[in-house]
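Colleague: Could you take me closely through one part of this model, and set out how it relates to the rest of the chain?

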Amino acid sequence: MSTLHVALARDDVDSGVALVPDAVPASWTGSAATACQTALDDVRTVLAGLAGLLDTAQSAVAALDAADTPTTQCTAVAP
């Protein structure tokens with residue numbers, strides 16, 4: 001993963017947030033409207049939470065880039 005990938009993901013999340021409406025249309029009523037509104041609320045919560053995760057990913061990528069020099073190699077560590 002690179003800083004470009006994280007930046008592109010952030011752009012995608014921002015676009016997604018802009019595309020998801022805040023509320024179902026006022027003309028929608030009943031249990032289906034309530035269920036749809038709950039789903040919209042859940043999606044918006046998930047999308048909002050991605051910003052913090054992308055910040056963490058950006059920091060991790062920056063740290064990895066800073067640590068990767070010709071004399072060091074980044075390797076996987078077994079748990």
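**A close look at Leu40 and its helix**

Modeller: Leaving aside residues up to four places away in sequence, Leu40 is in contact with Val20, Pro21, Ala23 and Val24. Please keep in mind that this is a predicted model. Two of those partners, Val20 and Val24, belong together with Leu40 to the largest nonpolar core, whose five residues also include Ala33 and Leu47.

The helix to consider here is α2, which runs over residues 30-67. Its 38 residues should span 56 Å at 1.5 Å a residue, and the end C-alpha atoms are indeed 56 Å apart, so the expected and computed values agree. The buried residues of α2 are Ala33, Gln37, Leu40, Leu47, Leu54 and Val61, and these buried residues pack against α1.

Among the buried residues of α2, Gln37 deserves a separate word. Gln37 has a relative accessible area of 18% and therefore counts as buried, the cut-off being under 20%. The side chain of Gln37 is joined to that of Asp41 by a polar contact of 2.8 Å. With residues up to four places away in sequence again set aside, Gln37 touches Asp22, Ala23 and Val24; Ala23 and Val24 are also among the residues that Leu40 touches.

The partner helix, α1, covers residues 3-19 and reaches 24 Å from its first C-alpha to its last, close to the 24 Å expected for its 17 residues at 1.5 Å a residue. Its buried residues are Val6, Val13 and Gly16. Seen down the axis of α1, these buried residues fall within an arc of 80°, so they line one face of the helix. The buried residues of α1 pack against α2, while on the other side of α1 the residues Leu4, Ala18 and Leu19 are exposed.

As for the chain as a whole, its secondary structure comes to two helices and zero strands. Buried residues make up 14% of the 79 residues, and the chain exposes about 5800 Å², of which carbon and sulfur atoms supply 66%. Of the contacts between residues at least 6 apart in sequence, 59% join residues at least 24 apart.

Methods. Residues numbered from 1 in each chain as written. Predicted model: local features only at pLDDT ≥ 70, side-chain atom pairs only at ≥ 80, totals over all residues. Heavy atoms only, no water. Core = buried A, V, L, I, M, F, W, Y, C linked by side-chain atoms within 4.5 Å. Buried < 20%, exposed > 50% of the residue type's maximum accessible area, 1.4 Å probe, protein only. Contact = heavy atoms within 4.5 Å. Helix = DSSP H or I, 4+ residues; strand = E, 2+ residues; numbered from the N terminus. Expected span 1.5 Å × (residues − 1). Arc of directions from axis to C-beta. Polar contact = N/O pair within 3.5 Å; in protein donor to acceptor, adjacent residues only side chain to side chain. Areas by Shrake-Rupley, 256 points an atom, 1.4 Å probe, with all protein chains shown as cover.
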